[in-house]
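Trainee: Could you walk me through this protein? I'd like to get a feel for how it is put together.

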Amino acid sequence: IYIMRKNVKETLAAALAVSIMVNAVPALAGFTDINAEAATIIQPGVITGFNSNNTGFNSTSPDAADYRATGGTAQGSMSISTFIPAGCVDSMAVSSTGSIVEVKDKYGYEDMKADLAELKAEYPTYFNYSSLGVTADGRNIYEAVIGNKNAGTHVLITASIHAREYITTMLVMEQMEYILQSADKGAFDGRSLKSWLNDVCIHFVPMVNPDGVALSQSGIDAIRSEKLKDKIREAYDNDLEAKRTELPFEEYLKYWKANANGVNLNDNFNALTSKIKVKTDKPSSEAYYGTPGSEAETKALSALADRTHFKAAVNYHSTGSVLYWNFTDNKLVEHSRDLANNIKVLSGYTMIDNGEEGGSFKTYLGTRRQPVTNVTVEVGKGKAPVDFSEFEAIWEQNRHVPFYVMKWAKEKGK
């Protein structure tokens, strides 16, 4: 891995105009300081701070007293280091020499499956994976785990719950490998990463919707079941009739969002279902929410959340470069605001309160009896599927997110 900095004189001068405030943390001798690497933000001029809509503390929030009691005061300023010159670009290579995960266009299910096996073989001390369930078309919904399963702090990161948002799978696979490459010789926030991984367990579900991803990437022939192929064609007819699409069938499939049953999985969770915004009673590429909790993918995530209490969760989507951090009836408003503020500092993404929301994994986590602080992170700028050319920027914006979510969960998670 290498680091190259451009226009040093210009960036140092720019520090007089715009900087990011951080608290310096001493590096450990002989270790790569991940905390220091994270200090450089790819977007010039990103500033921590508050605005009236999203980042300011609200004393009427349901978790306000608890948030204050656990020391939640410095939103968005959690141990990112010293003064950072605006426009200073950290162009660390997307992957190091000898990496397992290949950065490629249309990184798919078979790529992920092979890479999970190789990561387990290469890093057996820190890494394991298993199937949470099987989809309607016979693909596994994999969960990967890094760290100590018996730790007191657990974190969850998910990706590709929407088919056309498959660039997020490659992102979290890269994040996983980066953590594993750093596990023995990396230091974060003044501690060895090995020590962190003894205290925290990070769970990844890198492709929640593998049938949908296969359909979006490769078309109808990627689906094995003739019954499901018929259902997908039915969804196309439904969407044509409802004027939700005018695209030819093969082009329409590229923008597929649902699973192979034509159910939008992020509307299928049994939480605040009366507030789902887009409804139809027929299979669709994106508008059908089905029967709450009906789908194999939804059941897999729900069961995972039911048996493991996560102190923080990040749900990766695309697109927009935004953070959907809140929704009506969220039980952990201030915790969610704080976590999103810290991700905002790393990524430069805009924070948005989503207001009325229902049926999503975010609402399932945020309204349960023991609620989970969780944020939806929308990567990329172009229409989904996000163009592969955007990946390098997405990687730079999100490479260190798992480390800071891990730290946040350990220090502030409920």
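**A chat about the fold**

Mentor: Sure. The chain's secondary structure comes to 14 helices and eleven strands. Keep in mind that this is a predicted model.

Trainee: OK. What percentage of the residues count as buried?

Mentor: Of the 414 residues in the protein chain, 58% count as buried. And if you take contacts between residues at least 6 apart in sequence, 81% of them join residues at least 24 apart.

Trainee: Now the strands. What order do they take in the open sheet?

Mentor: Eight strands form that open sheet, in the order E2-E3-E7-E4-E8-E11-E9-E10, with mixed pairing. Strand E2 (127-134) and strand E10 (350-353) stand at the edges. The twist averages 20° from one strand to the next.

Trainee: Why is one side of each edge strand left without a neighbour in the sheet?

Mentor: Because E2 and E10 each have a single partner strand, one side of each has no neighbour there.

Trainee: Let's go further in. How do E4 and E7 pair?

Mentor: Strand E4 (residues 153-158) and strand E7 (residues 200-205) pair in the parallel sense, over six bridges. If you want a spot to look at, find valine 155: its bridge partner in E7 is isoleucine 202.

Trainee: And how many bridges join E4 to E8?

Mentor: Four bridges, and those two strands run parallel as well. Isoleucine 157 stands opposite valine 314 in E8.

Trainee: What about E8 and E11, how many bridges there?

Mentor: Six bridges join E8 to E11, again running parallel. Serine 318, for one, has valine 379 as its bridge partner in E11.

Trainee: Is E8 enclosed or open to the outside?

Mentor: E8 is largely enclosed by the rest of the structure, because seven of its seven residues are buried. Ala312, Val314, Tyr316 and Ser318 point one way from E8, while Ala313, Asn315 and His317 point the other way.

Trainee: Which strands does helix H5 lie across?

Mentor: Helix H5 (residues 167-182) lies across E2, strand E3 (140-147), E4, E7, E8 and E11. Relative to E8, H5 runs at about 135°.

Trainee: Let's switch to H13. How many of its residues are buried?

Mentor: Helix H13 (residues 391-398) is mostly covered, with six of its eight residues buried. Those are Phe391, Ile394, Trp395, Glu396, Gln397 and Asn398.

Trainee: And what covers the buried residues of H13?

Mentor: The cover includes H5, E8, helix H11 (333-347), E11 and helix H14 (401-412).

Trainee: New topic: pockets. How much space lies in the largest pocket?

Mentor: About 600 Å³. There are 30 residues lining the largest pocket, and the closest to its centre are His162, Lys257, Asn266, Asp267 and Asn354. The elements giving two or more residues to that lining are strand E8 (312-318), helix H12 (361-367) and strand E11 (374-379).

Trainee: Which element gives the largest share of the lining?

Mentor: E8 does, with three residues. By class, the pocket lining has seven nonpolar, twelve polar and eleven charged residues.

Trainee: Can we look at some loops? Where is arginine 368?

Mentor: Arginine 368 sits in the loop between H12 and E11.

Trainee: Why does arginine 368 count as buried?

Mentor: Because its relative accessibility is 18%, and buried means under 20%. Leaving aside neighbours within four places in sequence, arginine 368 is in contact with Ala305, Asp306 and Lys331. Its C-alpha atom is separated by 9.8 Å from that of alanine 305, and those two residues are 63 residues apart along the chain.

Trainee: What about asparagine 259, buried or exposed?

Mentor: Asparagine 259 is buried, at 1% relative accessibility. You'll find asparagine 259 in the loop between helix H9 (249-254) and helix H10 (296-307). Not counting residues up to four places away in sequence, asparagine 259 touches Asn209, Leu265, Glu295 and Glu297.

Trainee: Last thing: backbone oddities. Which peptide bond is cis?

Mentor: The one from alanine 384 to proline 385, with omega near 5°. Proline 385 is in the loop between E11 and H13. Most peptide bonds are trans, and most residues other than glycine have a negative phi.

Trainee: And what is phi of lysine 106?

Mentor: Near 55°, a positive value in a residue other than glycine. Lysine 106 belongs to the loop between helix H3 (64-69) and helix H4 (109-122), and this lysine is partly exposed, at 41% relative accessible area. Phi of aspartate 189 is near 55° too, but aspartate 189 counts as buried, at 15% relative accessibility.

Key:
Residues numbered from 1 in each chain as written. Predicted model: local features only at pLDDT ≥ 70, side-chain atom pairs only at ≥ 80, totals over all residues. Heavy atoms only, no water. 1 Å grid on protein atoms, 1.4 Å probe; cavity = no way out; pocket = protein on both sides within 12 Å on 5 of 7 lines; lining within 4 Å. Points joined across faces, edges and corners; volume = space filled by probe spheres on them. Nonpolar A, V, L, I, M, F, W, Y, C, P; charged D, E, K, R; others polar. Buried < 20%, exposed > 50% of the residue type's maximum accessible area, 1.4 Å probe, protein only. Contact = heavy atoms within 4.5 Å. Pairing = 2+ DSSP bridges. Axes fitted to C-alpha atoms, helices over the stretch in contact; angles between N-to-C directions.
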